[in-house]
Amino acid sequence: MPFALTPERERELAEILTRYPTKMAACIPALHLCQDQHGYIDDDVVTWVSHRLDLPPAHVKGVVTFYTLFNQHKVGKHQLWVCRTLPCALRGAGEMLDYCEKKLGIKAGETTPDGKITLRTAECLASCGTAPMMQVDKDYYENLTPADVDAILERLQRS
Amino acid sequence: MLKQTNYLTKVYGLPEGWTLATYEREARGYQAARKVLTTMSPADVVNEAKKANIRGRGGAGFPMGVKWSFMRPHPTKPAYLVINADEGEPGTHKDRTLMELNPHACVEGCIIGCYAIGAHAAYIYVRDELHLSKARLWGAIKEAKAKGYLGKNPFGKDYPVEVYVHTGAGAYICGEETSLLNSLEGKRGEPRLKPPFPAQAGAFGCPTTVNNLETIAAVPTAFNLGCEEFSKLSSIHHLNDGGVRLFGVNGHVKKPGVYECCVGLTLRELIYDLGGGLLDDKALHSVIPGGSSTPVLRAEDVVHAPDEKSPLHAWHGKSVLDVPLGVDTFRNMGTMLGTCCATVMAEGTDPVACFHNLMQFYRHESCGQCTPCREGSGWLLRIAEKLMDGTCSMDELNTLHDVANGIMGNTICAFGEGTAMPALGYLKKFRKEFEAYVKGERKGKDARLAVGAWGQS
């Protein structure tokens, strides 16, 4: 079945469109809504957004490929981003990433075989004063110790 | 000079500190916007704002009031206020605290800013990762609207103002103002050539002012105190660098965090008095003063400013740690104040590993539009990787200069400088350590960034 937003998300998009003088400005918010629903942005989604906002598909595709947060392929149920940039690295982010890789049995950029967790590195997440940190889906976890990471990973694996 | 204040941060620790009720009760909430909209003309607001000497808090340090004065009414086009809250410069963690803990100051600042520049709509561009920040800002907008502070007649004045939150999708470059505008318009976040400057053709081709989030959040305080009084809180008020601001400190300090102080604080005060000194009481190795694009300073660096006309002359011969953190003072020291959030490194930290870490960041975040930056950032990273692998020759190390200089000044936006300056800074300050890698005296596997084991310090 071709992609379409759920009625609830479609209402949200209609409200978003009222904020801007052009339809194009809703491109990124619309793609976020689509990704929330679909998990990633494939060509069906690109086609839908381009029709909905009267944009050339190439424009929408260009936007999707520019921004790090748009998944172009299927990803795990949970997204785990470990900040690797200098301020976090100074507080042990390198070791924390190794720890996550070992515990999950995957490398950064990969998804666990059960499809539950995608582990990735992130560039600075504006949480340098509470390093090391990671983002799990929409939440920040800061000042992390090995025990904290154990608890996070166990919760995700059980979910 | 260390003078802690709590104009912006008074509500930070309070229960429900981010709500309108707390903001009005504890922080003179919306009194400034009410006064401005009901008693002042937009021209008066701009003139008054200039006296506050608020230097842009996003890194460039441009005077906010002067920027506002560039806005001219257009016969047919509306004007826009766009707030840059795409905080992503490594080492910078201040705007997020304002959005999460004092969102009403941001909204009130937007109301005053819109009125001053003739705009009826403000877009706050927040990076997508900051979900709590977005929720708190939307919550503040809703509360302000319900009270009649936003909307068709704010404070009964016939001057409609709307504030919206817009989100990016994970691109550091969108913190560059013209790239941010493209992203706001629903395009790839590639920077635009200037001119035209945003004040002539910004968002949607209309006159636009882009202010950093902390800049706009400081506006209500400035108008509550009186802009000149606000400016005088700074000990370098005479250098047109006024008021209070948020100072961040992170890395190898005991108490990392964000602290509000009068402008004029020194790095020594930030690191030792506020940051609590270094982990394990180690000696200071180096400090990046204001986000990763600002060239690194060594602990032993001293100010060289024999010229009496230099704004730094008063500190000639003194440690760089004792110079007030100001836009002009730090620019004259061969670095930049940037975002005023310092990253601190203790002795034993490997500067080449720091350089390697940062070059990964710039390689990842170059938008790819300009060849010198796209190729140059990759080249710098390859040299860094070879250094860490022990396969870099002296000739290749010497090309680092040429590659970095090839980026400088040859790109559309300042990201190029932001990449080249820290690269050149690290090479200049730590040439010996770089050469030690080439000679095989140091090895990547021994390089340390953290102090002690993770979770132990």
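**Exercise 1. Find the residue of S6(B) that is the bridge partner of B:Val244, and then place the two strands in their sheet.**

Step one: in S6(B), the bridge partner of B:Val244 is B:Cys262. This is a predicted model, in which local features need pLDDT of at least 70, side-chain atom pairs count only at pLDDT 80 or more, and totals for chains, interfaces and linings use all residues. Residues are numbered from 1 along each chain as its sequence is written, while chains are lettered from A and ligands numbered from 1 in the order in which they are written.

Step two: strand S5 of chain B, residues 244-251, pairs with S6(B) in the antiparallel sense over six bridges. Strands (E, at least two residues) and helices (H or I, at least four) are DSSP runs numbered from the N terminus, and two strands pair if DSSP finds at least two bridges between them.

Step three: in chain B the order S6-S5-S9-S7-S8 describes an open sheet of five strands with mixed pairing. Strand S6 (257-262) and strand S8 (297-298) of chain B stand at the edges and have a single partner strand each, so one side of each is left without a neighbour in the sheet.

**Exercise 2. Describe how domain 1 and domain 3 of chain B meet.**

Step one: chain B is divided into domain 1 (20-231), domain 2 (243-346) and domain 3 (351-446), with bounds that come from an automatic or database domain assignment.

Step two: taken over C-alpha atoms, the centres of domain 1 and domain 3 of chain B are 36 Å apart.

Step three: ten residues of domain 1 of chain B are in contact with eight residues of domain 3 of chain B, where contact means that C-beta atoms, placed from the backbone, lie within 7 Å. On the side of domain 1 of chain B that touches domain 3 of chain B, the residues divide into five nonpolar, three polar and two charged.

**Exercise 3. Decide whether A:Leu80 is buried or exposed, and name residues that A:Leu80 touches.**

Step one: A:Leu80 lies in strand S1 of chain A, residues 78-83.

Step two: A:Leu80 counts as buried because A:Leu80 has 25 C-beta neighbours inside 10 Å. A residue is buried if 20 or more other C-beta atoms, placed from the backbone, lie within 10 Å of its own, exposed if 12 or fewer, and partly exposed in between.

Step three: leaving aside residues up to four places away in sequence, A:Leu80 touches residues including A:Ile117, A:Met134 and A:Val136.

Methods:
Two residues are in contact if their C-beta atoms, placed from the backbone, lie within 7 Å. Ala, Val, Leu, Ile, Met, Phe, Trp, Tyr, Cys and Pro count as nonpolar, Asp, Glu, Lys and Arg as charged, and the others, Gly among them, as polar.
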